[in-house]
Amino acid sequence: DLVLQGLDLDRGEVAWSHELKTSLNWQIKPIVLDGGNKVAIVDQTDSDVAAPGGLYVFDAGDGEQLQNIIPHCADIPFRVGLPVFIDDTGKNAYFALSLNTKHCIQGWDLDKGRMLWENPLPKEITKGPLFFNNPHLDSPGLLAEDALYYGSGGPAKAGKLITIDLSDGAINLLLEDSKYAITPLLKGDGMLLVQASRTKGSEQHELWGVSSSSGETLWRYELQGTDLMGWGSNNFGAGTWTIAPVGDRLAVIQVVSEAGEGIVDTVVVDILNVQDGTTAIETKTPINDDHWMGTALTKGGAYLSIRNLYSVDLGTGAVDWEWPLSAPPADLIDPLGE
């Protein structure tokens, strides 16, 4: 109901409550800061749908408002639904602002409530109104140690990947492709992992390994699925995929429907060598459903909620049925085993 609440876990009661002014509830996600001592959320300055947006920071213990930042770049206001990136320290925030075909990026010091830098995006990079508010991409930005990587693209628009230097906001075009929309996913040693989604002709999704210095595409991996699980996608079922980094390798997990004696739902696990994109291990495990609703990652494994709970060994690609058990042991039926 568009209310941010702090809950007292000892008493199980609402400790404080703050009603939001925006009506775009599907775009609002609280951000935990300072090891859980603070919480930030994007909201509007008032309930008018045309009102500008900002970032509001609250004390997680008592709900006191500690900070509010209302970014504005010349005549470009910040709006709820536009991207905000906060670094791991919770000290700095980066705001994307858009108005028609004008776009701007700002860096802010959250503690001091002070803008650090501001840069408009060159028109030769953006060329359109949807660069920072693109319905064709789920999660187009990746905040790394020293740069923000931002992807774009869509029907009739060339896909682009830009870098924004976090020290001064300097903007650089790293990669451009006329047929694919680009979404950065992970940053490694000298390399970016991006999702490339074809925007001309047949639907096709790929993973690309891209040099973070030159923008050269080093390798390509063709996905069988179309919907990225847990990165903004709300699509479930066959054709869904996700990734999990495993040291110098990358596990790609997909649920696909394959033709056999009827349609067989299968978990496909490919473990790739990150440097060249080659497949080191591939496993295929038939399952009895395709309704994939969520994933949890551990250090060496993944748990997939596909009606039942399945575990994936990220070292070997082995998939096991964890729960519900097909034949529960006796002590789960009766603690005394009777």
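How many disulfides does the structure hold? The structure holds one. This report starts from that link in the predicted model, then turns to the strands and two residues of interest.

## Disulfide

Cys73 and Cys104 are the joined residues, with an S to S distance of 2.3 Å. The link of Cys73 and Cys104 is right-handed, with 80° about the S-S bond. Cys73 belongs to strand β7 (residues 72-73) and Cys104 to strand β11 (residues 102-109), so the disulfide ties together parts that are 31 residues apart in sequence. Both Cys73 and Cys104 are buried. In general, a disulfide is a covalent bond between the sulfur atoms of two cysteines.

## Confidence

The chain has a mean pLDDT of 87. Of its residues, 88% reach 70 or more. Among the elements of the chain, β20 has the highest mean pLDDT, at 97. Helix α2 (residues 330-333) has the lowest, at 49. Where pLDDT is low, the predicted coordinates should not be read in detail.

## The four-strand sheet

Strands β17, β18, β19 and β20 form an open sheet in the order β17-β18-β19-β20, with antiparallel pairing. β17 (180-187) and β20 (217-222) stand at the edges. Each has a single partner strand, so one side of each is left without a neighbour in the sheet. From one strand to the next, the twist averages 25°. Strands of a sheet pair through backbone hydrogen bonds, either parallel or antiparallel.

Take the pairs in order. β17 pairs with β18 (residues 191-198) over seven bridges, in the antiparallel sense. Here Tyr180 has Arg198 of β18 as its bridge partner. β18 also pairs with β19 over seven bridges, again antiparallel. Met191 stands opposite Ser211 of β19. β19 and β20 run antiparallel and are joined by five bridges. In that pair, Val210 stands opposite Thr217 of β20.

## Hairpin turns in the sheet

Two hairpins connect strands of this sheet. One is formed by β18 and β19, with six residues between them. Its turn includes Gly201, which has a positive phi of about 75°. The other is formed by β19 and β20, with five residues between them. Gly215 in that turn has a positive phi of about 80°.

## Burial of β19

Which residues of β19 (205-211) are buried? Seven of the seven are, so β19 is largely enclosed by the rest of the structure. The cover extends to both faces of the strand. His205, Leu207, Gly209 and Ser211 are buried on one side. Glu206, Trp208 and Val210 are buried on the other. In a regular strand the side chains alternate between the two faces of the sheet.

## Strands β14 to β16

β14 (residues 147-154) and β15 (residues 157-165) run antiparallel, joined by seven bridges. Tyr149 stands opposite Thr163 of β15. β15 is also joined to β16 (residues 171-177), by six bridges, and these two run antiparallel as well. Ile162 has Leu173 of β16 as its bridge partner.

β15 and β16 form a hairpin with five residues between them. Gly169 in the turn has a positive phi of about 80°.

## Gln44

Gln44 sits in strand β4 (residues 38-44). Is Gln44 buried or exposed? Its relative accessibility is 5%, so Gln44 counts as buried, the cut-off being under 20%.

The side chain of Gln44 has polar partners. One is the side chain of Thr22, in a polar contact at 3.5 Å. In addition, a polar atom of the Gln44 side chain lies 3.0 Å from the backbone oxygen of Asp48. Leaving aside neighbours within four places in sequence, Gln44 is in contact with Lys21, Thr22, Val49, Ala51, Pro52, Gly53, Tyr56 and Val80.

## Pro184

Pro184 is placed in β17, an edge strand of the four-strand sheet. Pro184 is nevertheless buried, with a relative accessible area of 1%. What separates the C-alpha atoms of Pro184 and Pro140? The separation is 6.3 Å, although these two residues are 44 residues apart along the chain.

How values were computed: Residues are numbered from 1 along each chain as its sequence is written. Side-chain values use heavy atoms; hydrogens and water are left out. Two strands pair if DSSP finds at least two bridges between them. Axes are lines fitted to C-alpha atoms, for helices over the stretch in contact, and angles run from 0 to 180 degrees between N-to-C directions. pLDDT is the predictor's confidence in each residue, from 0 to 100. Buried means under 20% relative accessible area, exposed over 50%, partly exposed in between (1.4 Å probe, protein chains only). A polar contact is a pair of N or O atoms within 3.5 Å; within protein, one must be able to donate a hydrogen and the other to accept it, and residues adjacent in sequence count only if both atoms are side-chain atoms. Contact means heavy atoms within 4.5 Å. A disulfide is a pair of cysteine sulfur atoms within 2.5 Å.
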